[in-house]
Amino acid sequence: MSKSNLTVIIPVHSVSDIGKQKFDDLFDIALSSISRNDVKPEKVLIVRCNCIDVDVKLSSMDLSKYNLNIEIIANDGDTDYQSQINFAAQNVDTEYMSILEFDDEVSKTWYKNVADHIKAYPDVDMFLPIINDVSEDNNFIGLSNEAIWAYNFSDSLGNVDLECLLEYPNINPCGMVIKTSVFNEIKGLKQIKLTFNYEFLLRFHKNGYKSMVIPKIGYKHV
């Protein structure tokens, strides 16, 4: 087992069950998916709202079984998704950071693929996975980000750019691995409903940073 210079952020604003799915089961799947990777992140940073029920739930869980370096921090401010991520990013001390929603999971080779691509493309600031989109019942819906590998989709095969984003807004940053300094320099995610991910990608590329979609399914998104 090896470790990468990476922190995975998992935001938790609620521990309520989602439909038929229990929080405990979803959270276990997310953490287990990280643990299955041969190349593990240096740290898993769980950022929770400063809520009694969330604190009690997380405190009662046996997180040691995942064999990960897990730290829990509390956000005393706004607890929407963007605020949780931005707060956590300010507490990341590794060169790279990633985001995993607690009801999603990463593939068992995602972090190795990222580590290999970081070595091969050190000038790239953000790496995106091809995403397997599923319903709450785990039924396949489709793939995201695979279009970047279509011929003539962007100026450089596999690389997202501002021009293709303006033409095609359906690029999904879920599971992204980004340089922590870059995320913080551009002030993270904005308080925008629904389209905050798209606005983030536009701002990222408007500032001249580079991103690449790794041609592997690296993330399952519910």
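Two exercises with worked solutions follow, both on a predicted model.

**Exercise 1. Describe the overall build of the protein chain, and determine why it counts as compact.**

Step 1. Begin with the secondary structure: the protein chain contains seven helices and ten strands.

Step 2. Compare the radius of gyration with the globule rule. The computed value is 17 Å, close to the 17 Å that the rule gives for 222 residues, so the chain is as compact as a globular protein of that length.

Step 3. Consider the extent along the principal axes: the C-alpha trace spans about 50 × 35 × 35 Å.

Step 4. Turn to the interior. Of the 222 residues, 51% count as buried. Among contacts with a separation of 6 or more, 76% come from residues 24 or more positions apart.

Step 5. Examine the surface and the charges. The accessible surface comes to about 10,700 Å², and carbon and sulfur atoms contribute 49% of it. The chain carries 21 positive and 32 negative charges, whose mean positions lie 4 Å apart.

**Exercise 2. Characterise the setting of Glu101: where is it found, is it buried or exposed, and which residues is it in contact with?**

Step 1. Locate the residue. Glu101 lies in the loop that joins strand 4 (96–99) to strand 5 (105–106).

Step 2. Assess burial and charge pairing. Glu101 is buried but has no salt bridge. A salt bridge requires a distance within 4 Å, whereas Lys220, the nearest side chain of opposite charge, is 14 Å away.

Step 3. List the partners. With neighbours within four places in sequence left aside, Glu101 is in contact with Ala30, Tyr81, Cys174, Tyr219 and His221.

Definitions and conventions:
Residues numbered from 1 in each chain as written. Predicted model: local features only at pLDDT ≥ 70, side-chain atom pairs only at ≥ 80, totals over all residues. Heavy atoms only, no water. Helix = DSSP H or I, 4+ residues; strand = E, 2+ residues; numbered from the N terminus. Buried < 20%, exposed > 50% of the residue type's maximum accessible area, 1.4 Å probe, protein only. Lys, Arg positive; Asp, Glu negative; His and termini not counted. Contact = heavy atoms within 4.5 Å. Rg over C-alpha atoms; globule rule 2.2 N^0.38 Å. Areas by Shrake-Rupley, 256 points an atom, 1.4 Å probe, with all protein chains shown as cover. Charge placed at Lys NZ, Arg CZ, Asp CG, Glu CD.
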